[in-house]
Amino acid sequence: MVTSGFPDPAHTTIGQRIRWARDRAGMSRPVLGGLVDRSAEWVKAVENGRLQAPRLPMLLRIAYALGVQDLAEITGNGHAVPVSVFAGEKHVALAAVQAALTDYHLTSDARPPNVAHLAVRLDQAWQVRHASPDHRTQLGLLLPDLIRDAQRAVRVIRGEERRDARRVLAGVYRLADFYCAYQPAAELVWLVADRALNEALEADDPLAIAGGTWAKVQALRDVGRWDEALDVAAFGAREIEPYLDSGDDWKGMWGALKAEVAYVHARRGRHGEAWEAWELADRIAQELPVGYRHTQSSFSRPVMSAHATTLGVELRRPAEALRAADQFDAESIASIPRRARHLIEVARAHDQRGEKHAAWALLHHSERTASETIKYNGFAREMLINLRSNPPTGLRQDVLDLCERVGIAA
């Protein structure tokens, strides 16, 4: 039940309950706004009801900032809903990855790391990330040493080779972004995204710069900083546009940025702009070899079809989303975690239509495809919580079993 002392949910709005929690925490609007990357005016508008209630990802950030353990205190739901249920628990290796990212006691008297060998290790880590159902656990084993070695290389190496070391370190941070995402450690997402872009700029490498902007756009989009996200994406695209004839990865990165622009517009509810950007990205995808896949973004022909599904979901047009999903085989998505995420997006489309059996089937398929994708996906966890409360006919125990595997306690 909602914690005693909170306002009566029947007579208060989400904004009013956020204000109550903020006052209880003794926190000012500017401080709360800073913690969730918003202005004090935005917080005031939410509290006063001039803006619509934030979506789940932002509600989770607000709950963390205010020290609220039960999301029901903010949403007004009559049943206790621990914040961790939606966000997932911290991965067992998160502390080790965080320690590597913030460890500045780097010895300089040891033999400098071999930059070429670091690049090979990074490439192998990317392959592991895309090929493993337990991709987060596998990255958790590899990242701490890779981060420390790459950081030390930049610190101790001088001359032209230092530029190569910075290029590798930028890639390590971009890989770390995939590990940190969707965990209750939003500050690390911002840290690695910012560092990835900074190292790329220091290396003066346009392709690495574009990769850094790709990660930064996602971080900005997920907190609703739409205009900044679009500006960053435009900057990244401009960096590589003069080199689009230099190879597939240059085109793939440009297309990936345009796909992110489409996602930003869809999240904003701008149908025309979203599909216009998607068409630009898809045009590039069709120019690339059939089996091509960009390592960082998974940009490819199948993933562009998956993006079309996501646009339909974000625009609240589930029929469009499902038509897009039916036009290609999800198994053609080479990256296992990306395939599992697409299955969750198809489940969201069915959920929007109230098709509970289909939603459960897709979530079940996603969990079997990459168990560590669904465990940390807030949309999937929200759907499972709703299915547990109102299970499809004949699937009550199946839903409970899936919730248990995903880590949603009864």
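**Charged networks, aromatic rings and one helix**

Let me begin with the charged side chains, where Arg221, Asp222, Glu260, Arg267, Glu314, Glu345 and Arg348 are linked in a network of salt bridges. I should say straight away that this is a predicted model, and that a search of the whole structure finds 26 salt bridges. One member of the network has a further role to report, in that Arg221 lies over the face of Tyr263, at 3.8 Å from the ring centre. There is another arrangement of this kind at Arg136, whose charged end sits over the ring of Tyr376, 4.3 Å from the centre of that ring.

Let me now take three individual salt bridges, and ask of each how its partners are placed.

The side chains of Asp23 and Arg22 form a salt bridge with an N to O distance of 3.7 Å. Are these two residues buried or exposed? Arg22 has a relative accessible area of 7% and is therefore buried, whereas Asp23, at 46% relative accessibility, counts as partly exposed.

Glu160 and Arg163 also meet through their side chains in a salt bridge, here at 3.8 Å from N to O. How far apart are the two along helix H10? They are three residues apart in this helix, which runs over residues 160–180, and so they are separated by about one helical turn. As for accessibility, Glu160 counts as exposed at 55%, while Arg163 counts as partly exposed at 33%.

The third example is the salt bridge between the side chains of Asp194 and Lys216, with 3.5 Å from N to O. This pair links distant parts of the chain, since Asp194 belongs to helix H11 (residues 186–203) and Lys216 to helix H12 (residues 206–222), with their positions 22 residues apart in the sense that they are 22 residues apart. Lys216 is buried, its relative accessible area being 15%, and Asp194 counts as partly exposed at 43% relative accessibility.

I turn next to the aromatic side chains.

A pair of aromatic rings is described by the distance of the centres and the angle of the planes. The search of the whole structure finds four aromatic pairs, and one of them is formed by Trp126 and Phe178, which is edge-to-face, with 5.5 Å from centre to centre and 85° between the planes. The two rings come from distant parts of the chain, with Trp126 in helix H8 (residues 115–131) and Phe178 in helix H10, 52 residues apart. Both Trp126 and Phe178 are buried.

Why is the pair of Phe178 and Trp214 described as stacked? The centres of these rings are 6.0 Å apart and their planes lie at 25°, and planes under 30 degrees apart count as stacked, so the pair is given that description. Here again distant parts of the chain are linked, Phe178 being in helix H10 and Trp214 in helix H12, 36 residues apart. Trp214 is buried, as is Phe178, and Trp126, Phe178 and Trp214 form one aromatic cluster.

Moving on to the loops, I would draw your attention to the one between helix H15 (271–287) and helix H16 (301–314), where His294 has its place. His294 counts as buried at 7% relative accessibility, and its side chain makes a polar contact with the side chain of Ser297 at 3.1 Å. Leaving aside residues up to four places away in sequence, His294 touches Asp249, Gly252, Met253 and Phe299.

Ser298 is found in this loop between H15 and H16 as well, and its phi is near 65°, a positive value in a residue other than glycine. A positive phi, near 60°, is also found at Arg316, again a residue other than glycine, which has its place in the loop between H16 and helix H17 (318–326). Which of the two residues is buried and which is exposed? Ser298 is buried, with a relative accessible area of 2%, while Arg316 counts as exposed at 60%.

I will finish with helix H19, which covers residues 356–369, has 14 residues and reaches 20 Å from its first C-alpha to its last, close to the 20 Å expected at 1.5 Å a residue. Its buried residues are Ala359, Trp360, Leu362, Leu363, Ser366, Glu367 and Thr369. Against which helices do these buried residues pack? Their partners are helix H18 (336–352), helix H20 (371–374), helix H21 (378–389) and helix H22 (396–406).

Methods:
Residues are numbered from 1 along each chain as its sequence is written. This is a predicted model: local features need pLDDT of at least 70, side-chain atom pairs count only at pLDDT 80 or more; totals for chains, interfaces and linings use all residues. Side-chain values use heavy atoms; hydrogens and water are left out. Helices (H or I, at least four residues) and strands (E, at least two) are DSSP runs, numbered from the N terminus. The expected span of a helix is 1.5 Å times one less than its number of residues. Buried means under 20% relative accessible area, exposed over 50%, partly exposed in between (1.4 Å probe, protein chains only). Contact means heavy atoms within 4.5 Å. A salt bridge is a side-chain nitrogen of Lys or Arg within 4 Å of a carboxyl oxygen of Asp or Glu. A polar contact is a pair of N or O atoms within 3.5 Å; within protein, one must be able to donate a hydrogen and the other to accept it, and residues adjacent in sequence count only if both atoms are side-chain atoms. Rings of Phe, Tyr and Trp (its six-membered ring) pair if their centres lie within 6.5 Å; planes under 30 degrees apart count as stacked, over 60 as edge-to-face and the rest as tilted. A charge sits over a ring if NZ of Lys or CZ of Arg is within 6 Å of the ring centre and within 35 degrees of the ring normal.
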